[in-house]
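Student: I've never looked at this one before. Could you walk me through it, one question at a time?

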Amino acid sequence: MSAFSAIGEEREIDQNEFTPGIEPQATWCPGCGDFGVLKALKGAMAELGKNPDEVLLVTGIGCSGKLSSYFNSYGYHSIHGRSLPVARAAKLANPDLEVVAAGGDGDGYGIGGNHFMHTARENHDMTYIVFNNEIFGLTKGQTSPTSPKGHKSKTQPHGSAKDPVRPLSMSLSAGASYVARTAAVNPNQAKEIIKEAVEHDGFAHIDFLTQCPTWNKDARQYVPYTDIQQDDEFDFDVTDRREAADAMYDAESRLYEGEVLTGRFYRDDRPSYSQEKQSTGEMPETPLAERYFDDDYEWERSYDFMDRHR
Ligand SMILES: Cc1ncc(C[n+]2csc(CCOP(=O)(O)OP(=O)(O)O)c2C)c(N)n1
Ligand code: SF4
Ligand SMILES: [Mg+2]
């Protein structure tokens, strides 16, 4: 597989092409929602006609972070909370790559929260999937930023005193240009939402509800769910910020009352970070990745820099 050979090649893709040749056995527990993300992602990429070598999947640390081991594409299993800066750098260096970043609620809304805020604000063109199981799964069930108030765990045995973060509202106010929530128990909706997110030019954030039957509730934690686009009660305009904000606030509150509202919440078509940079002339026309592989490219700036520091 070379870095550029298959980019742009059009052919029918089978979703099994996204299963690694030497398939590592997934170590997720039976009934874990993470399997649902893997299935939806494979289906979405195949239906979009993406070749595995057109895709880069960058993950953080957690049960969710293992996704890049079970998905056949370029992959980078980064460090806790740091998938987004890695994904941003890769996208800027090689804009032809379809970049997907993924990680847990602890990873993205806790330790990596600052990267989340600024990647959304700058509207980097990528898909960000947050596996939201309301818990630290990998480290055995500690309270996470999305755990409900009063939730008892080893770290808060008397119950969490904190209100959970509101991931959809946070994303909207930070500046994400596509915001959706889906659930592993709803694989068809999940696949369609991932397809939209991948096709969106800008930062597309998916809060993906992934049940953790081992450390949180049970495999039916997010059942039943409602698709807000299919329910007359939620007749709002996803391109209207205020209406989207109200719908998000409602969905976030009702999740903790046992009502699971999923679907598309917000979308705008403002230019992505790269498009803005190109329009001001700040972004070089030849992407960094192509310059690196071009033997004739003169690395003037690097040479100058080295001369100055000899
Ligand atoms: C810098 C750093 N701090 C803490 C840890 C320990 N750690 C590993 S995974 C994790 C939390 C995982 O929770 P989440 O991000 O929600 O992912 P999940 O396992 O639930 O998918 C923590 C605290 C670490 N690996 N690196
Ligand atoms: S601990 Fe929870 S999140 Fe981790 S693999 Fe098991 S069920 Fe999934
Ligand atoms: Mg988690």
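Student: Let's start with ligand 2. Which residues surround ligand 2?
Tutor: Keep in mind that this is a predicted model. Several cysteines sit around ligand 2, namely Cys29, Cys32, Cys63 and Cys212. The rest of the shell is made of Trp28, Asn133, Gly137, Pro213, Thr214 and Trp215.

Student: How many nonpolar, polar and charged residues does that shell have?
Tutor: Sort the neighbours by class, with Cys, Trp and Pro going to the nonpolar group and Gly to the polar one. For the shell around ligand 2, that gives seven nonpolar, three polar and no charged residues.

Student: What are the protein donors of the magnesium ion, ligand 3?
Tutor: Along the chain, the donors follow the spacing D-x27-N-x1-I. They lie 2.1 to 2.2 Å from the magnesium ion. Put names to the pattern and you get Asp105 (OD), Asn133 (OD1) and Ile135 (O).

Student: How many residues apart are aspartate 105 and isoleucine 135?
Tutor: Aspartate 105 is in helix α4, residues 105-111, while isoleucine 135 is in the loop between β4 (126-132) and α6 (167-174). The pair links distant parts of the chain, and the separation is 30 residues.

Student: Is aspartate 105 buried or exposed?
Tutor: A residue is called buried when its relative accessible area is under 20%. Isoleucine 135 is in that class, and aspartate 105 is also buried.

Student: Where does pLDDT stay under 50?
Tutor: Over the chain, pLDDT averages 92, and 92% of the residues score at least 70. Where pLDDT is low, the predicted coordinates should not be read in detail. The stretch under 50, for which the model has 15 contacts beyond four places in sequence, is residues 1-6.

Student: Which residues does UniProt list for the "Thiamine pyrophosphate enzyme TPP-binding" domain?
Tutor: This one comes from an unreviewed UniProt entry. In the model, the span is 36% helix and 20% strand, and its end C-alpha atoms lie 16 Å apart. The listed range is residues 61-208.

Student: Which peptide bond is cis?
Tutor: Most peptide bonds are trans. Look in the loop between β6 (203-209) and β7 (225-227), where proline 224 is found. With omega near -5°, the cis bond runs from valine 223 to proline 224.

Student: What is the phi of asparagine 123?
Tutor: Most residues other than glycine have a negative phi. Asparagine 123, in the loop between α5 (113-122) and β4, goes the other way. At 1% relative accessibility, asparagine 123 counts as buried. Its phi is positive, at about 55°.

Student: And what is the phi of glutamate 134?
Tutor: Glutamate 134 lies in the loop between β4 and α6. With a relative accessible area of 4%, glutamate 134 is buried. Although not a glycine, glutamate 134 has a positive phi of about 60°.

Student: Why is α6 described as largely enclosed by the rest of the structure?
Tutor: The buried residues of α6 are Pro167, Leu168, Ser169, Ser171, Leu172 and Ala174. After the helix comes glycine 175, with a positive phi near 130°. α6 counts as largely enclosed because of its buried share: six of the eight residues.

Student: Which residues does glutamate 192 touch, leaving out those up to four places away in sequence?
Tutor: You'll find glutamate 192 in helix α7, residues 187-199. Its relative accessible area is 32%, so glutamate 192 is partly exposed. Threonine 214 is 22 residues from glutamate 192 in sequence but 28 Å away in space, C-alpha to C-alpha. The residues that glutamate 192 touches are Glu47 and Arg264.

Student: Last one: which residues does proline 213 touch, not counting those up to four places away in sequence?
Tutor: Proline 213 is in the loop between β6 and β7, and is one of the residues around ligand 2. With a relative accessible area of 25%, proline 213 is partly exposed. Tyrosine 128 is 85 residues away in sequence and 24 Å away in space, C-alpha to C-alpha. The contacts of proline 213 are Pro30, Gly31, Cys32, Asp218 and Ala219.

Definitions and conventions
Residues numbered from 1 in each chain as written. Chains lettered and ligands numbered in written order. Predicted model: local features only at pLDDT ≥ 70, side-chain atom pairs only at ≥ 80, totals over all residues. Heavy atoms only, no water. Near = heavy atom within 4 Å. Donors = N, O, S within 2.8 Å, 3.2 Å for Na, K, Ca; no water. Helix = DSSP H or I, 4+ residues; strand = E, 2+ residues; numbered from the N terminus. Buried < 20%, exposed > 50% of the residue type's maximum accessible area, 1.4 Å probe, protein only. pLDDT = per-residue confidence, 0-100. Contact = heavy atoms within 4.5 Å. UniProt positions renumbered as here; feature names shortened; annotations may be inferred.
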